[in-house]
Amino acid sequence: MAALPARTRYRYSLGSFVTGPFGTVPGLLLLKYLTDTMGVAAGVAGAIVFIPKAWDVLFNPIAGRLSDADMVRTGSRRRFLLFGGIGVSILFAALFAHPGFGGPVPDAIYVVVVFLLCATAYAFFQVPFNALPAELTDNADERTKLTSIRIGFLAVAILICGGGAPAITELVGGVTGYRVMGVFIAVIILLATLGVYFGLKDAPVGALRPNTVSPRELLRTLAQWRPFRWLLGVYFVQALGIGTVLAAIPFFAERILGSSGYATVLFVGFVGPALLTMPLWPKLGASVGKLVGFRLATAAFGVGLFGLLGAKVFPFPVTMVFVAFCGVGYAGISVFPLAILPDLISDEEERTGETRAGVAAGVWTASETLGLALGPGIWGLVLQFGGYQSSLAPGAAQPDSALTAILLGASILPAVLILFGIPLLRRSVLERRS
């Protein structure tokens, strides 16, 4: 197949301004929004962040099957992208609208319901979005280029939304700050959705294959698809670590570094180096191999996280050096799984003669969603065990045990999760056969 037009690569990659905000901002701010504006206990808040996304673990593969069926019937997945993205935009604004029903319980129930609906809408966008690279081109090098540009857009989206969201909440302050932030992110998501939908109108589509016919067949296929399951395991544990880091940032900034204003500084110091080094990782992968590059990125992330353990005694610039290490590693562990995945999909589709892109994307998205949801859930338990005191009063005093939990939970815990990916990156399983 001929090289993809540059416009197709860039228009497809606009979808990262949907996936980036949804994958980042709730994990970054939702738990603190619950504990510090609604007075919800930390452990309960962690469960609230987790439950709606856990639903996606069951629903995303179904969305994948529906997307596959619609693609076979109509020749396009664009309709799913449009309605899913619009739904995410509206419901995201509603998520942070803080209805003020008069108590933590009804307010928390509202958040659970709206987040559940938002996560469902997100599945209808994310699943077909992940499936498209394997269909836009049959060429592995072209898919790597497409993925690299997509990840570059993702880094920009995370930098703007992940850095801007806490800055807006801090600048405006209180409940109003969260409401303004929610509308700001919702507008970005809506514009990105429209850009992808109209931008891919004339994009190429891969050869249509018969759709998988039953859930039993899906389970059988996934059970036999060993390389996919192995890569999925790596991606899940590292998503779990990333989810923990995101949830920890606002607490780490306020309680360890001394000011909630440092949350934006930390996030920019994390994503900035990721954005700068993201184009370099594919080049390193082309030189030494994707798996070796993946291992090096994982090690860099782990070193950075372990370095945060000294944040209370190190000068602030030293702490930011370790934050930058985290960002460099994050860039690599974002690029390589998505560069390897389309190769595995193509190999399996060639072996079976059936559509696997939507199915793989559904299961993949479910794994990512579960990891990013469990991370804040685990973080909530860390705070609960540390004795963190939820309060409607800003800057309420915390016991020493809570401060220790925040320090260890933001450094050692995610470092172990991220580094656990290294022994799972087995060449014998994941390296593509020529």
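## The overall picture

What share of the contacts in the protein with a separation of 6 or more comes from residues 24 or more positions apart? It's 84%. Keep that figure in mind as you turn the structure around, and remember that this is a predicted model.

The secondary structure is quick to list: 18 helices and zero strands. The protein has 434 residues, and 59% of them count as buried.

## The core and W379

Let's go inside. The largest nonpolar core holds 121 residues, and M181 and W379 have the most contacts within it. Helix α10, which covers residues 226-255, supplies the largest share of this core, with 16 residues. Both domain 1 (8-203) and domain 2 (213-433) give residues to the core, so the core lies between the two domains.

What does W379 touch, once its neighbours within four places in sequence are set aside? The list is L31, T244, A247, A248, F251, A405, I406, G409 and A410.

## Helix α10 and its contacts

G241 is a residue to look up in helix α10. Its relative accessible area is 0%, so G241 counts as buried. Skipping neighbours within four places in sequence, G241 is in contact with P414, L417 and I418. There is also a C-alpha distance to check here: G241 and L419 are 178 residues apart along the chain, yet their C-alpha atoms are separated by 9.2 Å.

Now try L372, which sits in helix α15 (residues 357-386). Is L372 buried or exposed? With 12% relative accessibility, it counts as buried, because the cut-off for buried is under 20%. Leaving out residues up to four places away in sequence, L372 touches G23, A239, I242 and G243. L372 and V237 are 135 residues apart in sequence, while their C-alpha atoms are 9.5 Å apart in space.

## Two helices that bend

Helix α16 runs over residues 400-419, which makes 20 residues. From its first C-alpha to its last it reaches 28 Å, close to the expected 28 Å. Where does α16 bend? Look at G409, where the bend is about 40 degrees. G409 is also one of the buried residues of α16, and others on that list include A405, I406, P414 and L417. You've met G409 already, as one of the residues in contact with W379.

Helix α5 (residues 104-131) has a bend too, of about 25 degrees at A123. This helix has 28 residues and reaches 40 Å from end to end, measuring from first C-alpha to last, close to the 40 Å expected.

## Helix α13 and A299

The 18 residues of α13 should span 26 Å at 1.5 Å a residue, and the end C-alpha atoms are indeed 26 Å apart, which agrees. Many names appear on its buried list, among them L291, F294, F301 and L305.

A299 is in this helix as well, which covers residues 290-307. At 30% relative accessibility, A299 counts as partly exposed. Its contacts, apart from neighbours within four places in sequence, are L419 and I422. The C-alpha atoms of A299 and A415 are separated by 9.3 Å, although the two residues are 116 apart along the chain.

## Ring meets ring

How many aromatic pairs does a search of the whole structure find? It finds 24. Take W281 and F336 as an example: their ring centres are 6.0 Å apart and their planes sit at 80 degrees, so this pair is edge-to-face. The pair links distant parts of the chain, with W281 in helix α12 (residues 280-288) and F336 in helix α14 (residues 316-352), 55 residues apart. Both W281 and F336 are buried.

Rings can also link up in a group. Y33, F92, F96 and Y178 are joined into a cluster by ring pairs.

## An unusual backbone angle

Finally, have a look at H98, in the loop between α4 (78-95) and α5. Most residues other than glycine have a negative phi. H98 is not a glycine, but its phi is positive, at about 50 degrees. With 8% relative accessibility, H98 counts as buried.

Notes
Residues numbered from 1 in each chain as written. Predicted model: local features only at pLDDT ≥ 70, side-chain atom pairs only at ≥ 80, totals over all residues. Heavy atoms only, no water. Helix = DSSP H or I, 4+ residues; strand = E, 2+ residues; numbered from the N terminus. Expected span 1.5 Å × (residues − 1). Bend = angle between axes of the 7 residues up to and from the residue. Core = buried A, V, L, I, M, F, W, Y, C linked by side-chain atoms within 4.5 Å. Buried < 20%, exposed > 50% of the residue type's maximum accessible area, 1.4 Å probe, protein only. Domains from an automatic or database assignment. Contact = heavy atoms within 4.5 Å. Phe/Tyr/Trp six-rings, centres within 6.5 Å; stacked < 30°, edge-to-face > 60°.
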